Amino acid sequence: MTDVTEAVAPDERPQADDTDAQVGAGAPERVGVLGGGRMGAGIAHAFVLAGSDVVVVERDPAAASAAQDRVAQSLRKSVERGWAEPLAELEGRLRVAVEATAFVDCDLVIEAVPEDEGLKADALARVEAVLSPSASLASNTSSISIDRLAAALSRPERFLGLHFFNPVPASALVEIVLGQRTDPALANDARAWVEAIGKTPVTVHDAPGFASSRLGVAIGLEAIRMVEEGVASPGDIDLAMELGYKHPVGPLRTTDIVGLDVRLGIAEQLHRELGPRFAPPQLLRDMVAEGRLGKKSGRGFYDWNA
């Protein structure tokens, strides 16, 4: 995961519905998003709908143009589904740039670059350097320690995690992750922001994998081991969880949607921090090495080309 703009978070609860949530007052007036990949574009979309002026920063003009198209396409779908504001008005609240200085007037900036700790730490420090002391900074990380990321910052009290889920427009959840030095007032503000974009916040304290990724990966890895051991087919394992435990999507189909490479990266991170119960199965490593990454490659535990 070396592309500094394609943020693909390990979103452990993909949503079947693609209906935009209703939003309310309380969103920051000016929001920045670092990284305009799938997740960054979704985050930008959510805040534009909530009434914020949003700037997305990418690495170069071509990537910035692609990010603008990505968000515009998402906004267009919202209008087609009945969003009350005209598309031109929504697009008027969006701009893209290639320099972090574009964040200078932002009230909140959300980092949405890939799950690489060094990359995220460097990106966050660059962004913080141009923000006002009162501005807030957040990471969309799904597993990296907020306290470790905060160690590179001058104002850790203004920093926290905002873990969005994929696809952002249809997802109902945002995980708010508090570091040891996060200002309690910022935690309250974050809950208001999440509610303002029509989503439900859950608050957790910094711990490996937080709550959602830790539980989601644990179930997913065990399901992969069952396939590896010949216990049952992927379809039957998923059906057992969907019908027996009311999971909306089974763990192996979820793995395909998230991306096997993404799930492997999170498992490796949790393995280092929590021990052998998160050791990635060899089958997962083999499938990633073969390029069977799930939905985005066309094939994982399921054939997505059919």
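User: Two strands pair if DSSP finds at least two bridges between them. How many bridges join strand β1 to strand β4?

Analyst: This is a predicted model. Strand β1 covers residues 30-34, and strand β4 covers residues 108-111. The two run parallel. Val33 stands opposite Ile110 in β4. The number of bridges that join β1 to β4 is four.

User: In what order do the eight strands form the open sheet?

Analyst: Strands of a sheet pair through backbone hydrogen bonds, either parallel or antiparallel. In this open sheet the pairing is mixed. Neighbouring strands are turned by 25 degrees against each other on average, direction ignored. The order is β3-β2-β1-β4-β5-β6-β7-β8.

User: Which strands are the edge strands?

Analyst: An edge strand here pairs on one side only. One of the two covers residues 94-97, and the other covers 200-205. These are β3 and β8.

User: At about what angle does helix α4 run to β5?

Analyst: Helix α4 spans residues 117-128. It lies across β1, β4, β5 and β6. Its angle to β5 is about 165 degrees.

User: Is strand β7 largely enclosed or open, and how many of its residues are buried?

Analyst: Leu173, Glu175 and Val177 point one way from β7, while Val174, Ile176 and Leu178 point the other way. Residues on both sides are buried. The strand is therefore largely enclosed by the rest of the structure, and the count of buried residues is six of the six.

User: Which residue of β8 stands opposite Glu175?

Analyst: Strand β7 has partners on both sides. Four bridges join it to β6, running antiparallel, and Phe164 stands opposite Val174 there. Six bridges join β7 to β8, running parallel. On that side, Glu175 stands opposite Val202.

User: How far is the backbone nitrogen of Phe164 from a polar atom of the side chain of Asn140?

Analyst: Asn140 sits in the loop between β5 and α5. With 3% relative accessibility, below the 20% cut-off, Asn140 counts as buried. The distance from its side-chain polar atom to the backbone nitrogen of Phe164 is 2.8 Å.

User: Phe210 and Lys246 both have a positive phi. Which of them counts as exposed?

Analyst: Neither is a glycine. Phe210 has a phi of about 55 degrees and lies in the loop between β8 and α7; at 5% relative accessibility, it is buried. Lys246 has a phi of about 65 degrees and lies in the loop between α8 and α9. Exposed means over 50%, so at 68% the exposed one is Lys246.

User: Which peptide bond is cis, with omega near 0 degrees?

Analyst: Look in the loop between β6 and β7, where Pro167 has its place. The cis bond leads into this proline. It runs from Asn166 to Pro167.

User: How far from the centre of the ring of Tyr302 is the charged end of Arg253?

Analyst: The structure holds zero aromatic pairs. The ring of Tyr302 has a charge over it instead, from Arg253. The charged end lies from the ring centre at 4.1 Å.

User: Leaving aside neighbours within four places in sequence, with which residues is Ala72 in contact?

Analyst: Ala72 lies in helix α2, residues 61-80. It is buried, with a relative accessible area of 9%. Arg285 is 213 residues away in sequence and 36 Å away in space, C-alpha to C-alpha. The contacts of Ala72 are Leu87 and Glu91.

Methods:
Residues numbered from 1 in each chain as written. Predicted model: local features only at pLDDT ≥ 70, side-chain atom pairs only at ≥ 80, totals over all residues. Heavy atoms only, no water. Axes fitted to C-alpha atoms, helices over the stretch in contact; angles between N-to-C directions. Contact = heavy atoms within 4.5 Å. Phe/Tyr/Trp six-rings, centres within 6.5 Å; stacked < 30°, edge-to-face > 60°. Lys NZ or Arg CZ within 6 Å of the ring centre and 35° of its normal. Buried < 20%, exposed > 50% of the residue type's maximum accessible area, 1.4 Å probe, protein only. Polar contact = N/O pair within 3.5 Å; in protein donor to acceptor, adjacent residues only side chain to side chain.
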